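Subject: Structure for you to look at

Hello,

Here is the structure I said I would pass on. My notes on it follow below.

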Amino acid sequence: MADNPFAEFSLERAIGLRWTLRDIQARRLGLSPISDEDLRILTELGLVELHDDEPVLTPAGAAVLSD
């Protein structure tokens, strides 16, 4: 398994960030808006990038969800 990008976070926070990745992947942001802090963290980790002001998973973000 690849290194855990959420290792520095508490278990609760890591779970929340994984759910945010799932919401982005499933385009559920209307129902579950992403917080600015979550977006910043996921972008800094290289798991999400913005395309036309919409967050999308990077290949690394998709790999996290496939693990």
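Phe9 is partly exposed, since its relative accessible area is 21% and the cut-off for buried is under 20%. Bear in mind that this is a predicted model. Phe9 belongs to the segment before α1. Setting aside residues within four places in sequence, Phe9 contacts Ala14, Leu17, Ile41 and Leu45.

Phe6 has a longer contact list. With neighbours within four places again left out, Phe6 is in contact with Ala14, Leu17, Arg18, Leu21, Leu42, Leu45, Leu47 and Val64. Phe6 is also a member of the largest nonpolar core. That core has 12 residues in all: Phe6, Ala14, Leu17, Leu21, Ile24, Leu39, Ile41, Leu42, Leu47, Val48, Val64 and Leu65. Two or more residues of this core come from each of α1, α2 and α3. The element that gives the most is α1, with four residues.

On to the helix itself. Helix α1 covers residues 11–25. The 15 residues of α1 should span 21 Å at 1.5 Å a residue, and the end C-alpha atoms are indeed 21 Å apart, so the two values agree. After α1 comes Arg27, which has a positive phi, near 55°.

Which residues of α1 are buried? They are Ala14, Leu17, Thr20, Leu21, Asp23 and Ile24. An α-helix has 3.6 residues a turn, so residues three or four places apart point the same way. The cover over the buried residues of α1 includes α2 (36–44), β1 (48–51), β2 (54–57) and α3 (59–66).

Three of these buried positions are worth going through one by one.

- Thr20 has a relative accessibility of 9%, so it counts as buried. Apart from residues up to four places away in sequence, Thr20 touches Ile34, Asp38 and Leu42.
- Asp23 counts as buried because its relative accessibility is 12%, and the cut-off is under 20%. Its contacts, with neighbours within four places left out, are Arg28, Leu29 and Ser32.
- Ile24 is buried too, with a relative accessible area of 4%. Beyond its neighbours within four places, Ile24 contacts Leu29, Ile34, Leu42, Val48, Pro55, Val56 and Leu57. Between Ile24 and Thr43 there are 12 Å in space, C-alpha to C-alpha, and the two are 19 residues apart in sequence.

How do α1 and α2 pack? Two packed helices are described by the angle between their axes and the distance between the axes. For α1 and α2 the angle is about 90° and the axes are 11 Å apart. The two helices are therefore roughly perpendicular to each other, as angles of 65 to 115 degrees count as such. By class, their contact has five nonpolar, one polar and three charged residues. From α1 the residues are Arg13, Leu17, Thr20, Leu21 and Ile24, and they meet Glu37, Asp38, Ile41 and Leu42 of α2.

To bring the threads together: Leu17, Leu21 and Ile24 are listed among the residues of α1 that meet α2, and these three are also among the members of the largest nonpolar core. On the α2 side, Ile41 and Leu42 take part in the contact with α1 and are likewise among the core residues.

Regards

How values were computed
Residues numbered from 1 in each chain as written. Predicted model: local features only at pLDDT ≥ 70, side-chain atom pairs only at ≥ 80, totals over all residues. Heavy atoms only, no water. Buried < 20%, exposed > 50% of the residue type's maximum accessible area, 1.4 Å probe, protein only. Contact = heavy atoms within 4.5 Å. Expected span 1.5 Å × (residues − 1). Axes fitted to C-alpha atoms, helices over the stretch in contact; angles between N-to-C directions. Parallel < 35°, antiparallel > 145°, perpendicular 65-115°, else oblique. Nonpolar A, V, L, I, M, F, W, Y, C, P; charged D, E, K, R; others polar. Core = buried A, V, L, I, M, F, W, Y, C linked by side-chain atoms within 4.5 Å.
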